[in-house]
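Biologist: I would like a close look at a single part of this protein, and then at what lies around the rest of the chain. Please keep it plain.

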Amino acid sequence: MSDALKKNPEIGGLVDRVTLSIDRIVPGGLGIGFADGMTFFVPLTAPGDVIVAEVTRRKGKIAWCEIEELIESGPQRIEPPCPHYGLCGGCNFQHLTYSEQIAAKREIVRDCLRRIGGIEMPDLAIVFESPKQFGYRTRVRWHTDGDRDAVGFKRRRSDDVIIVDNCPILSDGLNLVLAKSDVLGNDLPDELEASADDQGKVVFSPNIQGSDSELSRIVAGLEYRYSAECFFQANSAMLEPLVTAAVEGLAGERALDLYCGVGLFSLPLAQKFDSVDAVEGSSPSAEYAIANSKRAGLTNVNVQTSDVELFCTDGVLGKYDAVVLDPPRSGPPQALIANLATSGVRTVSYVSCEPSILARDLKTLLAAGYKITGFTMLDLFPQTHHVETVVRLVQ
């Protein structure tokens, strides 16, 4: 055993302290380091950091740790601006320069593609950085404290709630609510959702009294209305590049938009195809998708409120020239991807916010004969390890 590892006789002589140099950032936003044949994962670290880490969990030759002492900072480590950073369970990249955040996300995607999908990162991959690295987030889920009269965020690795009066990644409108959360009333629900527009208007989920209003946002010349209970991407400055990456160059007679939400991709698809079928499991979102299509004068959009997997059975996918899918972070059912792989659909545009799921599904689609013709990474979530990708596949 090297001098880097410290054994503790009180836990059967297992390693409980290690001195590490952090090699790189891996999926989950964790720093990875190696010592004496073991692999260690440590959150909130930067490449080049030299640390003493406390082991919190181990499995064979792999251990998960927390920083006990920062001996030497890596070249891309900076002072995070949020006083709650490291305690709050939200951000985990504020200690990295923005250029290092982008480099880390590229490596996270590359790692997932290679390790899970057996795929090398395509040379054609491009990255859209966020114009705003702070104050960008227009959608949030808050939790309430034990007295249910103030809101905040869950503590890292805990269900406890940290009460905050300002969050540097939230928009100004949402921070005004945080600063005066008493405007929400007393006896708040355990959690609530809020969305804001760029003018500072804020709407809340239905469990807050008087929260029945809606927001409106223009993306690439099309208006989308939605409420706080609908999913809508939280980084407004990145919406137009996202839509462009997903639908640009698509054309034909029939298109299918799976997990369509309030119609972010359905409406521009309707400008390119004779007809668009849009499928969404959430009734409130589907109702907004219908209303948004009518408001845009698009009569060729057919919105169906349905479980996406159920809709895609019985060979239905083969009717379409192109399929756009934007599943939740947990990913689509594998049966859906298996159906898509053998459907005969010529073009697939896959929007994903979880690289490991994307890699899993690309492996299936490539094995069925699809080829990647476009690969775009968009930083919709600065200060976190999350990254959005849009992959174009053609058969």
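In which strand is the place of Asp-277?

Modeller: This is a predicted model, and what follows is computed from it. Asp-277 has its place in strand E17, which spans residues 273-280. Its relative accessibility is 8%, so Asp-277 counts as buried, the cut-off being under 20%. Setting aside residues up to four places away in sequence, Asp-277 touches Arg-254, Ala-255, Leu-256, Asp-257, Asn-302 and Tyr-320. Tyr-136 is not part of these surroundings: Asp-277 and Tyr-136 are 141 residues apart in sequence and 32 Å apart in space, C-alpha to C-alpha.

From there we can turn to helix H7. The helix runs over residues 334-341, and Leu-336, Ile-337, Leu-340 and Ala-341 are its buried residues. These four lie on the same side of H7, because the arc they cover around the axis is only 140 degrees. The buried residues of H7 pack against three strands and two helices: strand E16 (252-258), strand E19 (322-325), strand E20 (347-352), helix H6 (308-311) and helix H8 (355-367).

Next come the nonpolar cores. In soluble globular proteins, nonpolar side chains tend to be buried together. Here the largest nonpolar core has 68 residues, and the most contacts inside this core belong to Trp-142, Phe-153, Phe-204, Leu-264 and Phe-265. Helix H3 gives the most to this core, with six residues. Another core, of 37 residues, lies apart from it and has among its residues Cys-112, Val-279, Phe-311 and Cys-312. Trp-142 deserves a separate word. Leaving aside neighbours within four places in sequence, the contacts of Trp-142 include Val-151, Phe-153, Leu-170, Leu-174, Leu-192 and Phe-204. Asp-190 and Glu-191 are also in contact with Trp-142.

Glu-191 appears again beside a loop residue, Asn-207. That residue lies in the loop between strand E13 (202-204) and strand E14 (215-219). With a relative accessibility of 40%, Asn-207 counts as partly exposed. Outside four places in sequence, Asn-207 is in contact with Pro-189, Glu-191 and Leu-192. Asn-207 and Pro-189 are 18 residues apart in sequence, and their C-alpha atoms are 6.9 Å apart in space.

Two other loop residues have a positive phi without being glycine. For Arg-157 the value is about 60 degrees, and this residue sits in the loop between strand E10 (151-154) and strand E11 (161-163). Arg-157 is exposed, with a relative accessible area of 62%. For Ala-220 phi is near 50 degrees, and its loop is the one between E14 and strand E15 (222-226). Ala-220 is partly exposed, at a relative accessible area of 47%.

Last, the empty space. The second largest pocket holds about 270 Å³. Its lining has 22 residues, and Ala-245, Glu-248, Gly-249, Thr-373 and Arg-392 lie nearest the centre. Strand E8 (126-128), helix H3 (239-247), strand E21 (371-378) and strand E22 (388-394) each supply at least two residues of this lining. By type, the lining residues are twelve nonpolar, six polar and four charged. There is also one cavity of 30 Å³ or more, and the space in the largest cavity is about 30 Å³. Among the residues that line it are Pro-327, Pro-328, Arg-329, Tyr-350, Cys-353 and Glu-354. The lining of the largest cavity divides into six nonpolar, two polar and two charged residues.

Conventions
Residues are numbered from 1 along each chain as its sequence is written. This is a predicted model: local features need pLDDT of at least 70, side-chain atom pairs count only at pLDDT 80 or more; totals for chains, interfaces and linings use all residues. Side-chain values use heavy atoms; hydrogens and water are left out. On a 1 Å grid over the protein atoms alone, a cavity is a set of points where a 1.4 Å probe fits but cannot get out, and a pocket is an open set with protein on both sides within 12 Å along at least five of seven lines; lining residues have an atom within 4 Å of a point. Grid points are joined across faces, edges and corners, and a volume is the space filled by probe spheres set on the points. Ala, Val, Leu, Ile, Met, Phe, Trp, Tyr, Cys and Pro count as nonpolar, Asp, Glu, Lys and Arg as charged, and the others, Gly among them, as polar. A nonpolar core is a set of buried Ala, Val, Leu, Ile, Met, Phe, Trp, Tyr and Cys residues joined through side-chain atoms within 4.5 Å. Buried means under 20% relative accessible area, exposed over 50%, partly exposed in between (1.4 Å probe, protein chains only). Contact means heavy atoms within 4.5 Å. The arc is that of the directions from the helix axis to the C-beta atoms.
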